[in-house]
Amino acid sequence: MNDILPDETPYWQRLEDSVRNVLGRYGYAEIRLPLLEKTELFSRSIGEVTDIVEKEMYTFADRNGDSLTLRPEGTAGCVRAGIQNGLFRGQHRVWYQGPMFRHERPQKGRYRQFHQIGVEVYGIETPDVDAEIILMGKRVWQELGISGLTLELNSLGSGNARAAYREELVGYLSQNAERLDEDSHRRLASNPLRILDSKNPELEDIIAGAPSILDFLDEESSAHFEGLKTILDATGTSYVLNPRMVRGLDYYGKTVFEWTSNRLGAQGTVCAGGRYDGLVQQLGGRNVPAVGFAMGLERLVALMAEAIASPRHHLPHAYLVTVGERAATHGQRLAETLRDAVPTLRLLTNAGGGSFKSQMRRADKSGAQLALILGDDELSRQELGIKYLRRDRPQLALSVQNATEHLAALVNGPTTNKERTGSVQ
Ligand code: HAM
């Protein structure tokens, strides 16, 4: 579980702002969900025989003896909320954001508390909406300057298609039983598709040679898959078919997809999702088709940090230096006046005293573009000194009114005093 430190948060804010903006442009509304849910919600939806439910959940009994779990993902809670609040009539497009918890072996790109932004669409069974959420992801990567992602695509077909495939797969894997590891032996009977998801390098050959689920698609899921591919082709969205992709959660059917990067080592999936038409009903709701995805923010931040220098929008524009006791008191008042007059101004005021020299050192260290200097002299003349810290310009002494205009022009871009000021964003 990681701390996200002040020099990293600008990436996070940029990422979250961009994603929120794109989701808004596609008409998605935010839903906020609790971090804790009843344990059985996750075992019933994600599946009893999955890594998440078998070994990765943070589960505890609360004071009533109810078994609760820190959410390992957002889809189950979103469905629970939809059922409980009667949201599942008509079409709904929602998104959520926040921490998820899985007790996995930590490594680069894999953490025990990590963050997702997820989207879920309810009430639309046609592949146009599968394409919509994929295109939305693609737009997010474009806006963030993240290139080189691969879209991997598969269809898990209908329940019947999966049952037929399962039989074929079990036959194939049983022939290779002596080469399977312990986990896979166990799953051969309970959840054989999970074996395709194994990360054990010794199983690579067996998995590569396994039959393809795409050969087992029934007519309806095949038409759905073709419909999706047609829209992706028409929108110039390239993809790679990966018939071994089964995803780590059991609720999927038909479309599944992952956006992957080869620049992140073993944990290269930055966004993943698919269709889960049966889940709402399975959890006690109506028969509502559903599709969604979630992106892993830590992994996207790692890619952003590679692609762009840290966004610096958190640096202050100005640092107010006050010399003398009178000035210190007036300084707070002046700072409030400036904040009223120029709402976009990021102004740090000196606190904790200090000589002029040490305050100027703090001003410099703060990253501010300029120091505003208020001493007894300035105070008696009703003026404010302005010293540029990163540009070679003579120090100015301006009336408070002129200083306010100067700062407004500096922060918002020149409007009236074009040649006197340059904007500092
Ligand atoms: P998931 O594949 O389990 O799907 O997770 C989605 C993404 O979360 C992954 O692709 C990855 O980027 C990130 N992620 C997962 N585990 C970790 C971890 N331990 N550390 C860092 N990042 C991680 C779901 O969670 C589904 N609920 C997605 C979905 C929504 N399907 C339909 N709707």
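How many cavities of 30 Å³ or more does a search of the whole structure find? The search finds 1, and I will begin there, after saying that what we have in front of us is a predicted model.

That cavity has a volume of about 50 Å³, and its lining is made up of Ile-31, Cys-78, Gly-82, Leu-87, Phe-88, His-92, Val-94 and Tyr-122. Two elements, helix H4 (75–84) and strand S5 (92–101), each give two or more residues to this lining. If we sort the lining residues by class, we count 6 nonpolar and 2 polar residues, and no charged ones.

Let me turn to the ligand, which has 27 residues around it, and of these Glu-73, Glu-104, Glu-120, Tyr-252 and Thr-269 come nearest. What are the classes of the residues in the shell around the ligand? They divide into 12 nonpolar, 8 polar and 7 charged residues, whereas the lining of the cavity has no charged residues.

As for individual atom pairs, a nitrogen atom of the ligand lies 2.7 Å from an N or O atom in the side chain of Glu-120, and an oxygen atom of the ligand lies 2.9 Å from an N or O atom in the side chain of Arg-247. The backbone takes part in this list as well, since a polar backbone atom of Phe-293 is 3.3 Å from a nitrogen atom of the ligand. On its own the ligand has 660 Å² of accessible area, and the protein covers 96% of that.

Which elements give two or more residues to the shell around the ligand? They are strand S6 (113–122), strand S10 (269–275) and strand S11 (290–296), and S10 supplies the largest share, with 6 residues.

Those three strands bring us to the sheet, where S6, S11 and S10 follow one another in an open arrangement of 8 strands, with the order S1-S5-S6-S11-S10-S9-S7-S8 and mixed pairing. Strand S1 (29–30) and strand S8 (240–241) stand at the edges, and because each has a single partner strand, one side of each is left without a neighbour in the sheet. Further in, S6 and S11 are antiparallel and are paired over 7 bridges, with Gly-118 standing opposite Ala-294 in S11.

Finally, I would like to look at some other strand pairs, beginning with strand S3 (residues 58–61), which runs antiparallel to S4 and is joined to it by 4 bridges. Here Phe-60 stands opposite Leu-68 in S4. The hairpin that S3 and S4 form has 5 residues between the strands, and in this hairpin Gly-65 takes a positive phi near 85°.

S4 (residues 67–70) also pairs with strand S2 (residues 36–38), again in the antiparallel sense, over 3 bridges. In this pair, Leu-36 has Leu-70 in S4 as its bridge partner.

To return to the ligand before we open the discussion, I would keep in view the side chains of Glu-120 and Arg-247, together with the backbone of Phe-293, as the places where I have given a distance to a ligand atom.

Note on methods: Residues numbered from 1 in each chain as written. Predicted model: local features only at pLDDT ≥ 70, side-chain atom pairs only at ≥ 80, totals over all residues. Heavy atoms only, no water. 1 Å grid on protein atoms, 1.4 Å probe; cavity = no way out; pocket = protein on both sides within 12 Å on 5 of 7 lines; lining within 4 Å. Points joined across faces, edges and corners; volume = space filled by probe spheres on them. Nonpolar A, V, L, I, M, F, W, Y, C, P; charged D, E, K, R; others polar. Near = heavy atom within 4 Å. Polar contact = N/O pair within 3.5 Å; in protein donor to acceptor, adjacent residues only side chain to side chain. Areas by Shrake-Rupley, 256 points an atom, 1.4 Å probe, with all protein chains shown as cover. Pairing = 2+ DSSP bridges.
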